[in-house]
Structure formats: C-alpha cells, structure tokens
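Work through the exercises below with the structure open. Each task is followed by a stepwise solution.

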Amino acid sequence: MRGFLPRTVALAVGLCLSGIALADKTIITIESWRAEDQAIWDDLILPAFEAEHPDIDVQFKPTTATEYNAALNARLAGGTAGDIITCRPFDNALAMYDAGNLSDIKDLPGLENFSDVAKGAWSTDAGDATFCVPMASVIHGFMYNKDAFAELGLEVPATEADFYAVLDAIKEDGSYIPMAMGTKDQWEAATMGYTNVGPTYWNGEEGRLALLGGEAKFTDDAFVEGFRQMEKWVPYLGNGYQAQSYTDSQNLFTLGRAAIYPTGSWEITGFQENADFEIGAFAPPARDADSSCYISDHTDIGIGMNAATKNKDAALAFLEWTTSAEFAGLLTNAAPGFFSLANHDITVENELAKEFIAMRGECEATIRVAHQILSRGEPALGNHLWTLTANVINGSMSADEAAADAQANVDSWYQP
C-alpha cells in the first residue's frame with residue numbers, strides 16, 4: 001500500500017499541472033464549412049501557428065457545408081459562435097458584417113499582401129471596410145485524361161477551333177465520352193460551363209465591371225455568346241446528360257469513361273485519389289490565336305473575426321498570421337487546388353495544381369460574373385444562371401432567350 005499512495009498523488013499532481021498549463025493558454029475556435037479539411041488544419045496548419053504562439057490553442061470546428069450558413073447564424077445570434085469565422089465571398093459575408101457579426105479588420109498588418117480585387121470579395125461596396133482576410137481562390141478550367149489524349153494523338157487545345165476539333169476527334173473515335181457534364185443539378189452547368197468559358201467572350205473583368213457599371217447588358221453579343229457556347233457543347237456530353245448529376249459526371253471522368261471534364265481546381269485531391277490515370281489541366285481556350293485567354297480565378301474563401309469574441313488579441317494574432325508567406329505555402333500545398341490569394345512567392349508541390357496555377361501567368365483573371373452585387377435580386381442572379389444555362393443545354397431556351405431573362409432579372413431591381 002505504501003507504493004500506491006505516491007503514484008496516486010503523482011498522477012493527481014500531474015493532472016493539476018496539465019490543467020494549469022491549459023489554463024494559461026487562450027483557446028480560440030474556427031468556424032468553417034469544410035469538414036473535409038479537418039486533418040489539414042489539425043495536423044499541418046494549426047501546429048505551425050501554435051509553435052510560434054504557444055500561449056494560443058486554436059481549434060478547428062467545422063459544420064457540414066450545406067448547414068453552415070444557418071448553423072453559424074444561429075450560433076452568432078445565440079452568442080456561441082467561434083472566435084474566427086471562415087467567410088464565403090461577397091454578399092454572404094457582407095450580410096454578417098452589416099449585422100455586426102464580423103469585425104472591420106482593414107488595418108490588420110499583412111493585408112497589404114493582397115490585391116484590391118482579392119480584398120473586394122470581403123469588403124463593403126465602397127471599400128471603406130474589410131471584414132475577412134482573403135484566404136484562397138479556385139481556378140476554373142478543364143481537366144483531361146492524359147492517357148486518352150496520348151492514345152488518340154491529341155494536343156491540348158489553345159483556341160476555340162482547337163477545342164472543338166479535339167472534341168470532334170474524341171467523338172468520332174467513340175472510345176470515350178468527349179466531355180463529362182450533366183444538367184440534373186443545374187449549378188455545374190453555369191459554374192463549369194457559362195462562367196467558365198464566358199469570360200473569353202466578354203473579356204473577363206472588362207465585361208463584368210461593365211455590367212456592374214451599367215455600360216453592358218447580358219443581351220449584348222459578348223454575353224449571349226457564352227450561352228451559344230453551351231449550345232455547341234451539347235453533341236459532346238453523351239447520352240442522358242439531362243439526368244446526369246454532378247457525382248455522375250465526376251465518376252464518368254475518374255473511371256476513365258470521359259476524356260475531358262469542365263471543372264475547377266477544387267477537384268484535384270479527390271480526382272487524384274480516385275483516378276488510375278494521369279490527369280492534366282488546360283485553361284478555357286482563347287477565341288483565336290491573336291486573342292487572350294481568360295480564367296475565372298474565383299475568390300472563394302476568406303477568414304475573419306467574430307465581432308463578439310472575448311479573445312480579440314488571440315484572434316487578431318491568428319488572422320495576422322494568415323496573411324503570411326508561411327500560411328500561404330501551407331494552405332496551397334496542404335489543400336491542392338485552393339490557391340493563396342496573397343502575393344507571396346509560393347513553391348507549389350502538386351503537379352496538377354502547378355498546371356492550374358500556371359494559368360495565372362498565361363491568362364487574364366476574373367471572377368464569377370454574378371457574385372459581386374448582381375445576385376442581390378430575387379431570385380439571386382447566380383442561382384438564376386444555373387437554371388438558364390441548364391435550360392439552354394437542355395434545349396428548352398435559346399441563348400438569346402436566356403440572356404434576355406438574365407438581363408430582366410438585373411433590370412427588375414438594379415440601378416447602377
């Protein structure tokens with residue numbers, strides 16, 4: 001018995017000391033919709049921050065993506081939300097700021113590492129407040145089966161004519177569905193179709209800003225052409241595309257049954273895990289050899305501070321760290337396809353991610369056309385474009401009709 005008491009006392013003392021050590025730390029939590037990134041944050045990103053800030057314990061506590069907005073708003077209203085808020089771009093985060101739930105961090109050291117375009121996704125319309133640090137973007141384009149291209153003797157297309165010549169060759173051979181995309185879920189028709197290749201015709205930011213300023217309309221030929229391209233895609237989508245879901249399209253490509261997949265860099269990790277062939281990427285083709293190519297380098301994820309946090313100093317220390325080159329490199333390589341929006345030089349390790357990020361040096365960048373301001377009507381234009389693009393591909397609307405419908409949406413509420 002004499003040996004038992006000292007061990008018990010030692011254990012109790014150890015637990016007390018552990019509790020004291022934990023009590024000396026400030027604990028902050030991060031709200032996010034990306035539950036699939038739990039291991040990335042727990043194993044890579046947060047240990048790097050905590051090594052530099054041993055007095056702060058950061059905990060990543062995500063919510064299922066489809067429930068994130070409602071659950072977060074409920075916690076904000078109830079005073080139980082985390083200290084750090086992962087922000088979706090534009091109006092979603094702006095509404096939280098307007099409601100007093102996100103702090104203005106425009107004076108945060110390190111924000112000078114981001115362009116005005118990057119900060120614009122998480123700033124007021126007037127630009128007098130910024131409420132989230134720009135964290136990552138996703139780049140739109142096309143993935144392709146390199147084995148299939150080698151087998152058929154195909155080159156990566158650089159122009160619109162090249163693109164359709166490649167699709168015709170794949171279709172004529174018959175071994176592969178030329179392009180995997182369906183319209184059942186609608187959103188991918190617009191996100192991977194209209195807003196993927198459309199910037200080629202409305203000249204990216206030039207056309208998007210002209211819409212915002214009232215100098216352009218969706219009924220202008222440049223915006224109608226985006227819908228016409230969707231009509232041209234129809235012969236290459238394979239039988240039954242109208243009933244084909246997003247998951248169906250993913251499977252068709254990763255199983256090697258389709259040669260090309262219109263998509264974005266967010267698919268990199270999952271596709272590389274599931275495909276047994278080498279995947280390549282190419283940018284939306286230019287109109288012709290004398291034209292520029294354009295990519296949607298879409299501001300996708302930001303990170304801000306709960307205005308009601310009781311741990312402001314710790315939260316600001318974490319946010320300042322997210323502006324650093326260290327964080328940019330960790331995020332870009334831990335989550336291939338989600339590219340830092342900072343201007344730091346980053347060595348990208350994943351080969352497919354390298355192909356996407358190289359597009360930034362080759363093409364002019366823009367963002368999804370309806371995401372800034374233009375989706376404040378009813379229905380939100382971003383969602384309306386899902387339906388319109390799917391209707392064009394399904395043949396129930398013409399390109400001109402879809403463009404007129406989109407412009408009617410804008411005209412019903414927006415006065416530039």
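**Exercise 1. Find the residue of β6 that stands opposite Met 179, then place β6 among its neighbouring strands.**

Solution.
1. Met 179 stands opposite Ile 260 in β6. The model is a predicted one.
2. Take β5, residues 177-179: 2 bridges join this strand to β6, and the two run parallel.
3. Now take β4, residues 133-145. This strand is joined to β6 by 5 bridges, and the pair is antiparallel.
4. One residue pair to check is His 140, whose bridge partner in β6 is Gly 264.

**Exercise 2. Decide how far β6 (residues 258-264) is enclosed.**

Solution.
1. Apply the cut-off: buried means under 20% relative accessible area.
2. Count the buried residues: 7 of the 7 in β6.
3. Strand β6 is therefore largely enclosed by the rest of the structure.

**Exercise 3. Identify the residues with the most contacts inside the largest nonpolar core.**

Solution.
1. The largest nonpolar core has 132 residues.
2. Trp 41, Ile 260, Phe 318 and Leu 385 have the most contacts inside it.
3. Strand β4 gives the largest share of this core, 8 residues.
4. Look around Trp 41: residues it touches include Ile 30, Phe 60, Met 135 and Phe 318.

**Exercise 4. Is Thr 29 buried or exposed?**

Solution.
1. Locate Thr 29 in strand β1, residues 26-32.
2. Its relative accessible area is 16%. The limit for buried is under 20%.
3. Thr 29 is therefore buried.
4. List its contacts beyond four places in sequence: Gln 59, Lys 61, Gly 82, Asp 83 and Ile 84.

Conventions:
Residues numbered from 1 in each chain as written. Predicted model: local features only at pLDDT ≥ 70, side-chain atom pairs only at ≥ 80, totals over all residues. Heavy atoms only, no water. Helix = DSSP H or I, 4+ residues; strand = E, 2+ residues; numbered from the N terminus. Buried < 20%, exposed > 50% of the residue type's maximum accessible area, 1.4 Å probe, protein only. Contact = heavy atoms within 4.5 Å. Pairing = 2+ DSSP bridges. Core = buried A, V, L, I, M, F, W, Y, C linked by side-chain atoms within 4.5 Å.
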